[in-house]
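Me: Could you walk me through one part of this model up close? I care about the sheet and whatever holds on to it, so take your time there.

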Amino acid sequence: MPQSLPFRSPEHVAQVACGVSELLEVLWGRGQAAALAGPLPPSQFRALTVIEGQKRVNQRTLGAALGSRPSSVSRLCDRLEAAGLVERVASPTSRREVDLRLSRRGAAVLDEFRASRARELEAVLRSMAPAELSTLVEGLEQFQEAAAAHIGLHETGPDPEEASEATA
């Protein structure tokens, strides 16, 4: 990170991030209208993201990552399964537990949802200078790693885009 940037306290950065988050919600809501799969409630998007990141996850682990009560997680999983977005499968470690994994439809909906969000973001990012974009992406990558560690998501390996760039 460049030495010339002024120090910002975590509290100040959190306030700015909250403001950005609110604007992102507006942008993403606009993009969601264009998605073929229709709107995806935020709670379902968060759950699908955790399940995708873990590959397979039990409801207890999902609830911990989401910060939700077991009864809420159970109802959420019922809705996701009924919509065909997740599959319940026997746990390989316990006969008493059931794991959740993303279904093909769930992966497709998540991809489409992300693409609609990305289109809205790209429209905004095109107005920024290349140096600003570079600084932004460095900070966002570091934030992504820290946030994933904070909520207990494990890295799933190298980014496919980075891997293809490295071999090109």
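What percentage of the 168 residues of the protein counts as buried? And once that's settled, how are the strands of the sheet ordered and paired?

Reply: Buried first: 24% of the 168 residues make that cut, where buried means under 20% relative accessible area, exposed means over 50% and partly exposed is in between, with a 1.4 Å probe and protein chains only. Keep in mind that this is a predicted model, in which local features need pLDDT of at least 70, side-chain atom pairs count only at pLDDT 80 or more, and totals for chains, interfaces and linings use all residues. Residues are numbered from 1 along each chain as its sequence is written, and side-chain values use heavy atoms, with hydrogens and water left out.

For orientation, the protein has 7 helices and 3 strands; these are DSSP runs numbered from the N terminus, H or I over at least four residues for a helix and E over at least two for a strand. Along the sequence they come as α-α-β-α-α-β-β-α-α-α.

Now the sheet. It is open, with 3 strands in the order β1-β3-β2 and antiparallel pairing; two strands pair if DSSP finds at least two bridges between them. That puts β1 and β2 at the edges, each pairing on one side only. Helix α4, residues 70-82, packs on this sheet and touches both β2 and β3, contact being heavy atoms within 4.5 Å. The direction of α4 makes about 110° with that of β2, going by lines fitted to C-alpha atoms (for helices over the stretch in contact), with angles from 0 to 180 degrees between N-to-C directions.

On one side of β3 (residues 98-102), β1 (residues 57-58) is joined by 2 bridges. V57 has L100 as its bridge partner there, and N58 sits opposite D99. On the other pairing, 5 bridges connect β2 (residues 86-90) to β3, again antiparallel, with A90 facing V98.

D99 has a second job in this picture: its side chain makes a salt bridge with R56, the closest N and O atoms being 3.5 Å apart. A salt bridge here is a side-chain nitrogen of Lys or Arg within 4 Å of a carboxyl oxygen of Asp or Glu. Since D99 is in β3 while R56 is in the loop between α2 (42-54) and β1, the pair ties together parts that are 43 residues apart in sequence. D99 counts as buried at 7% relative accessibility, whereas R56 is partly exposed at 34%.

Over on the β2 pairing, E87 and R101 meet through their side chains at 2.9 Å, N to O, in another salt bridge. E87 belongs to β2 and R101 to β3, so this pair links parts 14 residues apart in sequence. Both ends are partly exposed, E87 at 32% and R101 at 33%.

Then there's R88, which forms a salt bridge with E81 with the closest N and O atoms 2.5 Å apart. R88 is partly exposed at 27% relative accessible area, as is E81 at 34%. D78 joins E81 and R88 in a network of salt bridges. In total the structure holds 7 salt bridges.

One last number for scale: among contacts between residues at least 6 apart in sequence, 56% join residues at least 24 apart.
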